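Here are my notes on the model you sent over, written as numbered points. Have the structure open while you read.

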Amino acid sequence: MPTARTIFEEIFDDDQAFQLFCSIAASGEAQGGWENSRIAALVPGPQRDLAPKIVRHGSDEDRHGRIFDALLRKRGLDPVAVPPDMDYTMRLETVGIGLAHSLLQGDQKLTDHDIVTYLAHSRVTEQRASEQMHALCKYAGDRPDIGSAVRMISNDEDNHLAYCHEELLRLTAAGHAELIRSTLRATAMAEIVIYRDVTQAVMAHLARILGWSKAKSAAMVAGIRAVYIYERLGGWRRMVSLRMPARRDALGGPPETFSRLYR
Ligand SMILES: [Fe+2]
Ligand SMILES: [Fe+2]
């Protein structure tokens, strides 16, 4: 029976699987970096105190993208194109979750409503990122090739999540409670479906690369569906709750230095 640890080992020990994994991760991070840099440029006047934090958020995501690229290069691999059905960020945008790229490509200032949309999207997707990085730390954090990278990224994703909680609570107190509640719920309900579909698409591709048996692939699909059912039946609530984080002002300082290892 495959375990999370053995699955990660298989992926990271195989060049082609590692190449797909890092390419998907790098592409998602780079898109997040671009989105945040555009949002920072378009922040409305009343929310201008947020701008430096959004810049920091974007520069963290850009750095994560460069780290995944560097992991590929260290292994002598080039990034590969991410198939559209495995592109989590673009699929969320396509179903209208988060701010539309057409809006971000323009020069019109965002509204307070848009800022709620951005923070709700980040609250939900950073929860996913934080949990995924915790899993990577747990099952692959002791690998010499990727251990320090995943620990560094995991710490950043926890900061991003803390920032979303804190800023959404501030906007809740400022009178946006109902908008925040409904936006978080809609975002989470869409995200859990897209996460399930993207995970299945990635797993099917990895199964071909790694030559998995039908039984092993079926076990993986069953696992992905079980996660979706858990999330649909109530697990989604963990993605929409708001609690003042222990880490306050998590994005208040300058970005962490990009370690020489990943330059
Ligand atoms: Fe990231
Ligand atoms: Fe993040």
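Which ring does the charged end of Arg75 sit over? Keep that in mind for a moment; the answer comes in point 1 below.

1. The Arg75 question first, with the reminder that this is a predicted model. The charged end of Arg75 sits over the ring of Phe18, 4.2 Å from the ring centre. There is another arrangement of this kind to look at: the charged end of Arg196 sits over the ring of Tyr228, 4.4 Å from its centre.

2. Phe18 also takes you to the aromatic residues. One aromatic cluster is formed by Phe8, Phe12, Phe18, Phe21 and Tyr139. Searching the whole structure turns up four aromatic pairs. One of them is Phe8 with Phe12, a stacked pair with 5.9 Å from centre to centre and 5° between the planes. These two sit four residues apart in helix H1 (residues 4-13), so about one helical turn separates them. Both Phe8 and Phe12 are buried.

3. Phe8 has another partner in Tyr139. The ring centres of Phe8 and Tyr139 are 6.1 Å apart with the planes at 25°, so this pair counts as stacked. The pair links distant parts of the chain, since Phe8 is in helix H1 and Tyr139 is in helix H6 (residues 112-140), 131 residues apart. How buried or exposed is each partner? Phe8 has a relative accessible area of 17%, under the 20% limit, so Phe8 is buried. Tyr139 comes out at 23% relative accessibility and therefore counts as partly exposed.

4. Now zoom out to the helices that carry those rings. H1 and H6 pack at an angle of about 85°, and their axes are 9 Å apart. That angle makes H1 roughly perpendicular to H6. On the H1 side, the contact is made by Ala4, Arg5, Phe8 and Phe12. H6 contributes Ala135, Leu136, Lys138, Tyr139 and Ala140.

5. Next, the metals. Which residues coordinate the iron ion (ligand 1)? Glu29 does, through two OE contacts, along with Glu61 (OE), His64 (ND1) and Glu157 (OE), at 2.0 to 2.8 Å. Along the sequence, the donor residues of this iron ion (ligand 1) are spaced E-x31-E-x2-H-x92-E. Distant parts of the chain are linked here: Glu29 is in helix H2 (residues 15-41) and His64 is in helix H3 (residues 51-74), 35 residues apart. Glu29 and His64 are both buried.

6. The iron ion (ligand 2) has its own donor list. Glu61 (OE), Glu126 (OE, listed twice), Glu157 (OE) and His160 (ND1) coordinate the iron ion (ligand 2), at 2.0 to 2.4 Å. Their spacing along the chain is E-x64-E-x30-E-x2-H. Glu126 lies in helix H6 and His160 in helix H7 (residues 147-210), so this pair ties together parts that are 34 residues apart in sequence. Glu126 and His160 are buried, both of them.

7. How far apart are the iron ion (ligand 1) and the iron ion (ligand 2)? The distance is 3.6 Å, and Glu61 coordinates both. If you want one residue to click on at this site, try Glu61, which bridges the two.

8. On to the segment after helix H8 (214-232), which is where you will find Leu242. Leu242 is partly exposed, at a relative accessible area of 26%. Leaving aside neighbours within four places in sequence, Leu242 is in contact with Arg123, His165, Leu168, Leu169, Thr172, Ile180 and Leu184. The C-alpha atoms of Leu242 and Cys164 are separated by 8.8 Å, although their positions lie 78 residues apart along the chain.

9. Asp249 is also in the segment after H8. Most residues other than glycine have a negative phi. Asp249 is not a glycine, yet its phi is positive, at about 50°. Its relative accessible area is 43%, so Asp249 is partly exposed.

10. Last, Asp87, in the loop between H3 and helix H4 (88-94). Asp87 is buried, with a relative accessible area of 12%. Not counting residues up to four places away in sequence, Asp87 touches Ser27, Gln31 and Val82. Asp87 and Ala25 are 62 residues apart along the chain, and their C-alpha atoms are separated by 9.5 Å.

Key:
Residues are numbered from 1 along each chain as its sequence is written. Chains are lettered from A and ligands numbered from 1 in the order in which they are written. This is a predicted model: local features need pLDDT of at least 70, side-chain atom pairs count only at pLDDT 80 or more; totals for chains, interfaces and linings use all residues. Side-chain values use heavy atoms; hydrogens and water are left out. Donors are N, O and S atoms within 2.8 Å of the metal (3.2 Å for Na, K and Ca); water is not among the atoms, so sites may look incomplete. Buried means under 20% relative accessible area, exposed over 50%, partly exposed in between (1.4 Å probe, protein chains only). Rings of Phe, Tyr and Trp (its six-membered ring) pair if their centres lie within 6.5 Å; planes under 30 degrees apart count as stacked, over 60 as edge-to-face and the rest as tilted. A charge sits over a ring if NZ of Lys or CZ of Arg is within 6 Å of the ring centre and within 35 degrees of the ring normal. Axes are lines fitted to C-alpha atoms, for helices over the stretch in contact, and angles run from 0 to 180 degrees between N-to-C directions. Angles under 35 degrees count as roughly parallel, over 145 as roughly antiparallel, 65 to 115 as roughly perpendicular and the rest as oblique. Contact means heavy atoms within 4.5 Å.
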